Amino acid sequence: MTLLDIQGLSVTIPSPAGPVQAVRRIDLNIAKGEIHGLIGESGCGKTMTGMALLGLAPAGAQVAARVFQFDGIDLAKSADALRGRRIALISQDPAAALNPVLTIGRQMDDVLRTHTLQPKADRTAAAVALLAATGLPDAAKLLKRYPHQLSGGMQQRVVIAQALATGADFLIADEPTTALDVTVGAQVLALLRQLVADRGLTVLMITHDMDVVAAVCDRATVLYAGLSVETGPASAILTRPRHPYTAALLAALPDAAPHGQRLAAIDGQVPASTKPISGCAFSPRCPAAMTLCHTVPPPARVRGDHRWACHVAEDAP
Amino acid sequence: MDLVRYTLRRVLLSAFVVVGVTFLVFVVAQVVPSDPAALYAGPRPTAEQIAKARVTLDLDAPLPQRFVRFATAMGTGDFGVSYKSRRLISQDLAVYLPATLELAIFSTLLALLLGIPTGVIAAARRGSWLDRLGSLGSILSVAMPTFFFAMLLQLIFSQWLGLLPLSGRLSQQISIADPLPFVTGFNLIDALMAARPAVFLDALSHLILPALTLAAYPAGIAMRLTRSAMIEILARRHIVAARALGLSAPRILFGHALPNAVGPALTVIGLSFAYALTGAVLVEIIFAWPGLGRYVSEAILSKDFPVIAAATLVVTLCYVVMNLVIDLTQTLVDPRVALT
Ligand SMILES: Nc1ncnc2c1ncn2[C@@H]1O[C@H](COP(=O)(O)OP(=O)(O)OP(=O)(O)O)[C@@H](O)[C@H]1O
Ligand code: SF4
Ligand SMILES: [Mg+2]
C-alpha cells in the first residue's frame, strides 16, 4: 500500500543571484513498511526534498507538486499538522541535532509532553523505555546527561529515540550514519532496520553511499540535479542500473576499481541550480550522450517496477 | 563534579578580589595628598588639635600594623566614624545601602523582564513591525539621557496621569505619621513583615519610576544582544530538529533557543547592577531617593575618607556577590560554561 506519493515536486528558493532550483522535478513513491533510499551527489536536493515533506522548506521558498500525498492526506495543506506527529526527522549530525544546553531527559520529555497527555512520571518511564529500545545501556542514568557527554553513536540513538517518541510512523533519515565511524554507523543501520520490522515504520533513507542502500534499503530513487532519474528495487538499482548516471555512481565506488586503482568520482560538474536545464541534465557528463540528449528532455521508461528517464532504449531483459 | 569545582574556584576568586580591593583602598588612603588628621580635627584646626587627632586615629603606628587593623575593622563591619558628621558610618550605611539595593535589584529585574522577552520576540518576528518597534525602543532607551528620561516619566505618569508618585521612597503620611519599624531597611520587605499591604503598595509605586529609569539602558542593550544571539541560534540545526519533532513555537523559542542565547544579556545586566549601586546619583537626586550614590558623592566632595573607603568595600562586596550569582546562573543555564 502506498504511504507516500509525490509527483513532480519542485522547491524554488529566492536568492540574490536569482531563484535557486533546489528541487526541480522529483517523483517519489514509497510503500508502507519500506526503507526507501534517496541517493545522489551533494547538492542534488536530497535534504530539501525531506524538508519539503516536513513543511520546513526555507522561508520564502515555493514548494509545488502535481501530487503531494501522505497516506491520502494532502501534504501541501497538512505538512505542519503531520510534522512531528506522523513524520519525523533523523538528521545527519546528531551532535548538532541535540540542544547542547538541555539534558537528554529534558529533550526527551519535551517531545513526549508535546504528543501525550501523560503525567510526568509516566513520561519519564516512557523516555527510559524508548532510550532502551534504541539499544542505549543504563537509559535511566542517561536522562541527567548532556549531549556533549555522549559518544556520536549514543547521540544518534537518542535522536532516534526522540523520533520514536513523537509516535511518527514515517521517518526521514538524512544521512544518519555520515557523521559516525563505520562500525557505529553499521550498528545504527541495523537498529533502524529492526525498528522498522518491530514497529511497522516506513523510512526515507537519504544517503550518498551505495553501501547504505545495499545494507538496508528495499527500494531506491536516484536524484540528479534536483530530478529523479531512476527508481526501482534496491537490488536492481545496485546490480543492473538502467540510467547512465546510476551506473557511473556505482562505477565510482572504490570496490569497483580494478586492481585497487581508485576511480575518480564522476568527471565534470553538476549543473548550477540557478540555471535552467536543456535536454537531459546529465548530458554534459554522460559517456553515452547523443546529440539529441543536449536539447530534448529524455522520455520516461518503465520495466516492471523499475523506472528511469533516458534517451537510450535499453532493451536487454 | 565540574560544577562543584567551578563554584569553588569562583568563590575563591571573589574572596581574592575583596581582599585586593581592601588593600587598594588602604594604599590609596596613604597616598592622597590631604592629611586625615587635619580633616578629622574639624574646620580650621590648631596644631594641637591635629596632633591629638593623630593619636586618636593612630596614624603614627607602622603601616603593616595599620593595614591589619584596617582590614580587621572592615571585615567586622566597623567602618569608623565620618570625619564630617561624626556619625557611625555603619549606621548610615544601614539606611542608604538597603535603599540603593532595593532600587538596583528592582531595576535589574525590570531590565531582565523588559529586555530579554522583547529581544526573543524581535528575533522570532525578524523584519516585522514588532521587530522595528522593538529596535526603535531599544535605541531610544539607550540613547536618551537618563535625566531626560526620568523627567519624561515623571511628566507622564506623575503630572499628567497621576498614576505614580513623583519622588521619595514612601508617602509622607506613612513615613512621618505612621513609620514602618526598621528591620531590614528594604521597605518592601519591612512592609510585608509588618503585614501592611497598603504600605507595600505605596513603596512599590515609589519604586517604579526610578527603577524604570535605571533599567532603560541595560534593557535596551540586553534586547539588542538577545535579538542578535537568538537570530544566530534559531538558524542552528537543533532548532530545525526541534521543529521537526513538532514542538510548539513558544517552547522552541523560550525553552530551547533562549538558554543558548541569554548569556551576553545576563552579563550586561549584571554589570549594570554594579553600576547602579553608586553610579545612579542622577537618578537618586531626581527622584529624591536616599541612596548610596548621593551619600558617597557628598563624602567625595568633603574628602570624608572613611566613608569613601567603607562604601567602596561594601559596593565591591555587592558586586562580587552579584557576579557570582550571575556566573552560577550561567552554568545552570549552560552547563558547558563550567568546563572552561
Ligand atoms: N536555504 C537555502 N537557500 C538557498 N539555496 C539552498 C538552501 N538550502 C539548500 N540550497 C540549495 O539547494 C540545493 C539542494 O540542496 P540540498 O541540501 O537538498 O542538497 P543535498 O542533496 O542534501 O546535499 P548534501 O549531500 O550535501 O547534503 C543545493 O544547490 C543547495 O545549494
Ligand atoms: S538521456 Fe542521454 S545524456 Fe541523459 S543519461 Fe540518457 S544517454 Fe545520457
Ligand atoms: Mg543534505
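How many salt bridges does a search of the whole structure find over all chains? I got 17 over all chains, taking a salt bridge as a side-chain nitrogen of Lys or Arg within 4 Å of a carboxyl oxygen of Asp or Glu.

Ground rules, for my own sake. This is a predicted model, where local features need pLDDT of at least 70, side-chain atom pairs count only at pLDDT 80 or more, and totals for chains, interfaces and linings use all residues. Residues are numbered from 1 along each chain as its sequence is written, chains are lettered from A and ligands numbered from 1 in the order in which they are written, and side-chain values use heavy atoms, with hydrogens and water left out.

**Entry: a bridge inside chain A**

I looked up Asp71(A) and found a salt bridge to Arg86(A), with 2.9 Å between the closest N and O atoms. Asp71(A) sits in the loop between strands S5 (67–70) and S6 (73–74) and Arg86(A) in the loop between helix H2 (75–82) and strand S7 (87–90) of chain A, so the pair ties together parts 15 residues apart in sequence. Helices (H or I, at least four residues) and strands (E, at least two) are DSSP runs, numbered from the N terminus.

**Entry: chain B against chain A**

I counted contacts (heavy atoms within 4.5 Å): 19 residues of chain B touch 29 residues of chain A. The buried area is about 1,900 Å², and carbon and sulfur atoms give 61% of that; this is the accessible area (1.4 Å probe) that the two parts lose on being put together, summed over both. Arg237(B), Ala244(B) and Leu245(B) supply 30% of what chain B buries against chain A, more than any other three residues.

How many salt bridges cross this interface? The rule finds 1, and I see Arg251(B) and Asp110(A) meeting in a salt bridge at 3.9 Å, N to O. I also have 7 residue pairs in polar contact between the chains, both residues at pLDDT 80 or more. A polar contact is a pair of N or O atoms within 3.5 Å; within protein, one must be able to donate a hydrogen and the other to accept it, and residues adjacent in sequence count only if both atoms are side-chain atoms. On the chain B side, H11 (237–244) and H12 (249–261) each supply at least two residues, and H11(B) gives the most, with 6.

**Entry: ligand 1**

I found 14 residues around ligand 1, the closest being Ser42(A), Gly43(A), Lys46(A), Thr47(A) and Met48(A); the cut-off is a heavy atom within 4 Å. An oxygen atom of ligand 1 is 2.7 Å from an N or O atom in the side chain of Thr47(A). For Ser273(A), I noted a polar side-chain atom 3.3 Å from a ligand oxygen. H1(A) gives the largest share of the shell, 3 residues.
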